Amino acid sequence: ELTKLHAQSTNIITAQLGNLSQEEVAACIAKGASLRSYKFDKYRTKKKDDETTFSTANIVVTNPSKAEQSYADYKPLIEGVFLARDLVSEPPNILYPSSYAERCKELEKLGVKVEVLGLSEMTKLGMGALLGVGQGSSRESKLVVMEWRGDSNAKNAPIAIVGKGVCFDTGGISIKPSNGMEDMKYDMAGSAAVVGAMHSLAASKAKVNVVGVVGLVENMPDGNAQRPSDVVTSMSGQTIEVLNTDAEGRLVLADGLAAASEEQPDA
């Protein structure tokens, strides 16, 4: 509403709300304002004529330092959400399996162990389901395993989270209608949620063990593309008959889940 009013700043008076202290309310408002401030305009050459810049929210609270500490606890979460949104918003000529894997490698700065598997490694592991989806693309498929060991006992079984990272999904030979095809860059949003979560866990030094696995592919129609009625063998050893190449997500996730199970997760 403030942006609709072309406001440039606002003052917000806080009060206790139910079981939330005034400082916690202020931190929640700041968190919401931060999340709402997100923009992805790195490729825009000019602003819209009617766009205004809302820049400042002054939150009035009795104990600012306590409120700031409460807000600081939210910052790793906000960073993870923004990272996920950035990944989802990138165009597919910029974010494809190998460039996406490089973005995942940046988590190493926060203490996350990151391993990137390419065609040869996945072939040796028998990931025929994931590789079948990506075989019609000129971009090499990748599988990324991210480990955060924040538990004081690093040997404790981790939680595993697995995400589908189809950087662009044409549907393959079972091609999608052209109307709405541009939205198929979003078919990697599940993997973006995993990468954002791994960032938040590491940035907050969460005392847990978590493994994140993302399968990164492009599903393209090509002379080498997977055909309806092909039979592939997944990492688990199960064979899969591909009746529709636009059912690619379950194939990517099948091998992603098998890879995650190698970490012997608790869940």
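With which residue does Lys164 form a salt bridge? In this predicted model, the partner of Lys164 is Glu248, and the closest N and O atoms of the two are 3.1 Å apart. The pair joins distant parts of the chain, since Lys164 belongs to strand β5 and Glu248 to helix α7, 84 residues apart. Both Lys164 and Glu248 are buried.

The strand that carries Lys164 is part of a sheet. Strands of a sheet pair through backbone hydrogen bonds, in either a parallel or an antiparallel sense. Here the sheet is open and has four strands in the order β3-β4-β6-β5, with mixed pairing. Strands β3 (113-117) and β5 (159-169) form the edges, each pairing on one side only. From one strand to the next, the twist averages 15 degrees. Strand β4 (residues 142-149) and strand β6 (residues 209-219) are paired in the antiparallel sense over eight bridges. Within this pairing, Val144 stands opposite Val214 of β6. Helix α7 (residues 248-261) lies across β4, β5 and β6, and runs at about 150 degrees to β5.

Lys142 is located in strand β4. Its relative accessibility is 14%, below the 20% limit for a buried residue, so Lys142 counts as buried. Apart from neighbours within four places in sequence, Lys142 is in contact with ten residues' worth of surroundings that include Pro97, Ser98 and Ala101, as well as Val116, Leu117, Val214 and Leu216.Strand β4 also takes part in a salt bridge through Arg149, whose side chain meets that of Glu263 (3.8 Å, N to O). Glu263 lies in the segment after α7 and Arg149 in strand β4, so this pair ties together parts that are 114 residues apart in sequence. Glu263, at 25% relative accessibility, counts as partly exposed, and Arg149, at 32%, also counts as partly exposed.

Side chains of opposite charge can pair when their charged atoms come close. In the model, the count of salt bridges comes to eleven. One of them is formed by Arg103 and Glu90, with the closest N and O atoms 3.7 Å apart. Arg103 lies in helix α3 (residues 97-105) and Glu90 in the loop between α2 (64-89) and α3, so the pair ties together parts that are 13 residues apart in sequence. Glu90 is buried, with a relative accessible area of 3%, whereas Arg103 is partly exposed at 23% relative accessibility. Arg103 and Glu90 are further linked with Lys42 in a network of salt bridges.

Methods. Residues numbered from 1 in each chain as written. Predicted model: local features only at pLDDT ≥ 70, side-chain atom pairs only at ≥ 80, totals over all residues. Heavy atoms only, no water. Pairing = 2+ DSSP bridges. Helix = DSSP H or I, 4+ residues; strand = E, 2+ residues; numbered from the N terminus. Axes fitted to C-alpha atoms, helices over the stretch in contact; angles between N-to-C directions. Contact = heavy atoms within 4.5 Å. Buried < 20%, exposed > 50% of the residue type's maximum accessible area, 1.4 Å probe, protein only. Salt bridge = Lys/Arg side-chain N within 4 Å of Asp/Glu carboxyl O.
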